[in-house]
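Student: Hey, can we go through this protein together? I'd like to start with the strands.

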Amino acid sequence: MSVQEYLDKHMLSRKIEDAVNAAVRAKSPDPVLFISNHMRKAVPSVITKIKARQVLDSRGVPTVEVELFTNKGMFRASVPSADPSGMYEAFELRDGDKGTYLGNSVNRAVKNINEKISEALIGMDPTLQSQIDQAMLDLDKTEKKSELGVNAILAVSIAACKAGAAEKEVPLYKHIADLFGKSNLTLPVPAFTVISGGKHAGNNLAVQEIMILPTGASRFEEALQMGSETYHHLKAAITEKYGVHGCNVGEDGGFAPNISNVKEGLDFIKEAISRTGYGEKIKIAIDVGASDFCKGTKYDLDYKSLNKSGQNFKSGEDMIEMYKELCAEYPIVSIEDPFDMEDWEHTKYISGLGICQVVGGDLLMSNPKRVERAIHDSTCNALVLKINQIGTVTEAIEVVKLANDAHWGVVISHRSGESEDSFIADLSVGLTSGQIKAGAPCRGERLAKYNQLLRIEEELGDQAVYAGEDWRQSY
């Protein structure tokens, strides 16, 4: 084949001429670079390669990282992980060989990506997120993604989403908003973990975490400053009473002083807020994680204390009275998982009181069927979305639509085992969730999310809207 025949076959002469004309019109100072970029844009992007590997999360536990390639470049994603908390969430595939990473290695999930998912997705358009996700679901064929593993499927789904944004030449959060079908973008109110307890910390505090929400800030940048300053004032207050050993931190960066009473933790936070001078601009939220200390129909708030465990059980009614008292005494605006994941009755009762936002975490597991039941029964009024509980970007979008239609609050959430991937920051903006919990205002894997939100706010400029006082109605 001659050069001319090759040019004619692929219509290159016309394409090159178009690129040169475009460079002339643009008066490009570097015509070679301009023509090169112009030619690349003229070629529709497709997935050309997918490669996965095992990496470690913030707890030193293996997780999955993916690199997805198109002719626009390479797009990397890594997924969070957590201890399985119920039969209603998607299945995280691990190897189970106790001799390697204590059974937690994810080589099977990596192999599924490199050998099965990759073959199914090569040649697909990265902008077609729902088709990509459906192709993986069709390949898996199980309800809980137990064949390929949710860690495999989600990593590819996120990487594809990033590639789709690049193909459209828009920011990731804007691409997510397009997939969501909304045009408005909102920076979420961060729920900073400042005191850790439950299974995430080595103290005697039963509740899982106590958070602060800077609802009175005018911008996300100010909210981050308020959170950081309060965190450091809290460190000083704890040190004054318990010394430096009281400032050890839990898995998500919250302080873990050896307290057993939630009121003591709330008093520390109240004092820290007072020292900042921010006053009513900062509210408080609690993730109780009550399933971890539910024994039958009773709740053991001393379950972590060997000397007291089993001596002070509380009934569901006792817990309700405790929550009412706490909400009256402290500026608490949100309580997550106030009861066991199967205690729908008491959760519905406290939600009906209207004393604060009642969030379904373990109760819902980001599971659409449980969300639909909770909406129908008016069991709670907010969803915490943990993307690795559901498994794909498309499914995450659909469950948030369910919550929005019910006029629920939505909290985009990190996991105890996090990666440095900042995807949930863009997700919270694109889905206009109004709330994000990504841990303390410290530790790299947590700050990756908060710092990305700073960048997004800066990029949006005058168009940036911080949820603030409208943190529950941002949609």
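**Strands first**

Tutor: Sure, and keep in mind that this is a predicted model. Three strands make an open sheet here, in the order 7-8-9, with antiparallel pairing.

Student: Which ones are the edge strands?

Tutor: Strand 7 (294–295) and strand 9 (313–314), since each pairs on one side only.

Student: And what holds strands together in general?

Tutor: Strands of a sheet pair through backbone hydrogen bonds, either parallel or antiparallel.

Student: OK, how many bridges join strand 8 to strand 9?

Tutor: Two bridges link strand 8 (residues 298–300) with strand 9, and the two run antiparallel. For example, D300 has F313 in strand 9 as its bridge partner.

Student: New topic: in the largest nonpolar core, which residues touch the most other members?

Tutor: That would be V66 and L385, in a core of 130 residues. Helix 6 (residues 150–168) gives the most to this core, with eleven residues.

Student: What does L385 touch, leaving out residues up to four places away in sequence?

Tutor: Its contacts include I390, A396, V399 and V400, and also S366 and S413. Further along the chain, L427 and L431 are among them too.

Student: Now the outside. Which residues make the nonpolar surface patch of about 240 Å²?

Tutor: I16, V20 and V24 make that one. V24 lies in helix 2, which covers residues 12–26.

Student: Why does V24 count as exposed?

Tutor: Because its relative accessibility is 57%, and exposed means over 50%.

Note on methods: Residues are numbered from 1 along each chain as its sequence is written. This is a predicted model: local features need pLDDT of at least 70, side-chain atom pairs count only at pLDDT 80 or more; totals for chains, interfaces and linings use all residues. Side-chain values use heavy atoms; hydrogens and water are left out. Patches are made of residues with over 30% relative accessible area and no salt bridge: like charges are joined within 9 Å, nonpolar side chains (Val, Leu, Ile, Met, Phe, Trp, Tyr) within 5 Å. Accessible areas come from the Shrake-Rupley method with a 1.4 Å probe; for residues, only the protein chains shown count as cover. A salt bridge is a side-chain nitrogen of Lys or Arg within 4 Å of a carboxyl oxygen of Asp or Glu. Helices (H or I, at least four residues) and strands (E, at least two) are DSSP runs, numbered from the N terminus. Buried means under 20% relative accessible area, exposed over 50%, partly exposed in between (1.4 Å probe, protein chains only). A nonpolar core is a set of buried Ala, Val, Leu, Ile, Met, Phe, Trp, Tyr and Cys residues joined through side-chain atoms within 4.5 Å. Contact means heavy atoms within 4.5 Å. Two strands pair if DSSP finds at least two bridges between them.
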